[in-house]
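Let's take a walk through this structure together. Have a look at it first, and then we can start with a single residue and widen the view from there.

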Amino acid sequence: MTKMRKLNRPTGHRLSMLRTMVSQLVKHERIETTVAKAKEVRRLADNMVNLGKEGTLCAARRAGAFVRGDDVLHKLFTVLAYRYRFIDRENELRQSKPPVPQPPQRAPLDPWTKSRLSRQFAPPKEDKSSGSDA
């Protein structure tokens, strides 16, 4: 099994808490928690949705051993499996990253104005042969 955060709790309490949080997340589709708990719940919820997408009897038994409630298990294998069935890439279900701040809005630049870089060089030389005798 992969390493998990301890969350300052004994093993039994931690696993019970995470099972309950995953079940509530599946049931209500949104929960409020701390960042550390959310990262752990996200990993476990991704695994439960992948089991729901499999749809086999073995997957149903494995998910039923973890989540709490028959309504949660039913929603996992019907609603959420249908919603995420075409998403096959690793960690595609994750959306818990905070939004990236947008850059400030600036006025559009006029393409015909000269830039500071073009002003510091000398203007192009004119041809001497254009006006003189040939």
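Aspartate 46 counts as buried, because its relative accessibility is 10% and the cut-off for buried is under 20%. Keep in mind that the model is a predicted one. You can find aspartate 46 in helix α2. From there, look across to valine 22: the two lie 24 residues apart in sequence, and their C-alpha atoms are 9.7 Å apart in space.

Valine 22 is also a good way into the interior. The largest nonpolar core has 19 residues, and Val22 is among those with the most contacts inside it, together with Leu18, Leu44, Met48, Phe66, Val67 and Leu76. Which helices supply this core? At least two residues each come from α1 (11–28), α2 (35–54), α3 (57–64) and α4 (70–83). In soluble globular proteins, nonpolar side chains tend to be buried together.

Now pick out phenylalanine 66 from that core. If you leave aside its neighbours within four places in sequence, phenylalanine 66 touches Arg19, Val22, Leu44 and Met48.

Stepping back to the whole protein, you will count five helices and zero strands, so to read the elements from the N terminus is to read α-α-α-α-α. Of the 134 residues in the protein, 22% are buried. Among contacts with a separation of 6 or more, 56% are between residues 24 or more positions apart. On the outside, the protein exposes about 11400 Å², with carbon and sulfur atoms supplying 54% of that area.

Methods
Residues numbered from 1 in each chain as written. Predicted model: local features only at pLDDT ≥ 70, side-chain atom pairs only at ≥ 80, totals over all residues. Heavy atoms only, no water. Core = buried A, V, L, I, M, F, W, Y, C linked by side-chain atoms within 4.5 Å. Buried < 20%, exposed > 50% of the residue type's maximum accessible area, 1.4 Å probe, protein only. Helix = DSSP H or I, 4+ residues; strand = E, 2+ residues; numbered from the N terminus. Contact = heavy atoms within 4.5 Å. Areas by Shrake-Rupley, 256 points an atom, 1.4 Å probe, with all protein chains shown as cover.
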